[in-house]
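The following questions concern charged contacts, a metal site and local backbone features. Each answer proceeds by short steps to the value or name requested.

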Amino acid sequence: MKAKLDHVALAVRNIEEATAVYEQFGLEAAETCTMEESGLRIGFLSAGGSQLELLEPLRPDNTVARFLERRGEGLHHICFEVEDIRAALAELSARGVELIDREPRPGAEGLTAFLHPRAGKGVLIELVQKEHPGP
Ligand code: ZN
């Protein structure tokens with residue numbers, strides 16, 4: 001399994017406010033999207049080869065809203081891109097790594113799955129397999 005750091009995600013109360021903070025470091029705001037079913041607005045800033053992802057809850061009933069309530073704004077998860085997410089999950093599971101998602105689900109950029117923070121020294125880890133346009 002080979003993984004590449006794809007993005008670092010922060011839980012924030014307001015995407016525009018957080019974007020202004022990170023633009024001070026020369027990061028460039030890219031697209032913002034709304035994931036209705038998960039109740040989140042998601043903003044991306046490009047940071048060289050990887051991205052900063054900003055997660056703003058739209059409703060109080062999702063995991064990011066609960067995270068903000070418990071811990072305030074800050075690091076929410078890191079994401080590694082893998083070539084084959086099903087193979088990666090099978091390999092990690094066979095090694096006894098604690099998964100949250102046994103099966104990948106559709107996310108903002110392709111198929112994603114989360115590993116338990118216990119598997120990442122207290123940091124929630126997301127894996128993503130991006131949908132690359134065909135040749
Ligand atoms: Zn993410």
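In what follows, a residue is called buried when its relative accessible area is under 20%, exposed when that area is over 50%, and partly exposed in between. The model is predicted.

Q: Is Glu56 buried or exposed, and what is its relative accessible area?
A: Buried residues have a relative accessible area under 20%. Glu56 meets this criterion and is therefore buried, with a value of 10%.

Q: Which residue forms a salt bridge with Glu56, and where does that residue lie?
A: The closest N and O atoms of this salt bridge are 2.9 Å apart, and the partner of Glu56 is Arg41. The pair links distant parts of the chain, 15 residues apart, with Glu56 in strand E4 (residues 50-57) and Arg41 in strand E3.

Q: Which residues are joined into one network by salt bridges that share partners?
A: Arg41 forms a salt bridge with Glu16, with 2.7 Å between the closest N and O atoms. This contact connects strand E3 (residues 40-47), which holds Arg41, to helix H1 (residues 15-23), which holds Glu16, across 25 residues. Arg41 also forms a salt bridge with Glu56. Through shared partners, the network comprises Glu16, Arg41 and Glu56.

Q: Why does Glu16 count as partly exposed?
A: The partly exposed class lies between the buried limit of 20% and the exposed limit of 50%. Glu16 falls in this class because its relative accessibility is 45%.

Q: How many residues apart are Asp6 and Lys130 along the chain?
A: The side chains of Asp6 and Lys130 meet in a salt bridge, at 2.6 Å from N to O. Asp6 belongs to strand E1 (residues 4-11) and Lys130 to strand E8 (residues 124-130), so that distant parts of the chain are linked at a separation of 124 residues.

Q: What are the relative accessible areas of Asp6 and Lys130?
A: Asp6 is buried, with a relative accessible area of 5%. Lys130 is partly exposed, and its relative accessible area is 22%.

Q: How many salt bridges does the model contain?
A: The criterion is a side-chain nitrogen of Lys or Arg within 4 Å of a carboxyl oxygen of Asp or Glu. The pair of Asp6 and Lys130 satisfies it at 2.6 Å. By this rule the count is 9.

Q: Which residues coordinate the zinc ion?
A: Along the chain, the donors follow the spacing H-x45-E-x23-H-x48-E. They lie at 2.1 to 2.3 Å from the zinc ion and are His7 (NE2), Glu53 (OE), His77 (NE2) and Glu126 (OE).

Q: What is the arrangement of the 4 donor atoms around the zinc ion?
A: A tetrahedral arrangement would need all angles between 85 and 135 degrees. The angles subtended by the 4 donor atoms run from 88 to 175°, which makes the arrangement irregular.

Q: Where does Lys121 lie, and what is its phi?
A: Lys121 is in the loop between strand E7 (110-115) and E8. At 84% relative accessibility, this residue counts as exposed. Most residues other than glycine have a negative phi. Lys121 is not a glycine, yet its phi is positive, at about 55°.

Q: What distance separates the C-alpha atoms of Glu37 and Arg70?
A: Glu37 lies in the loop between strand E2 (28-35) and E3, and it counts as exposed at 63% relative accessibility. Glu37 and Arg70 are 33 residues apart along the chain, and their C-alpha atoms are separated by 22 Å.

Key
Residues numbered from 1 in each chain as written. Predicted model: local features only at pLDDT ≥ 70, side-chain atom pairs only at ≥ 80, totals over all residues. Heavy atoms only, no water. Helix = DSSP H or I, 4+ residues; strand = E, 2+ residues; numbered from the N terminus. Buried < 20%, exposed > 50% of the residue type's maximum accessible area, 1.4 Å probe, protein only. Donors = N, O, S within 2.8 Å, 3.2 Å for Na, K, Ca; no water. Tetrahedral: all angles 85-135°; square planar, octahedral: opposite > 155°, others 65-115°.
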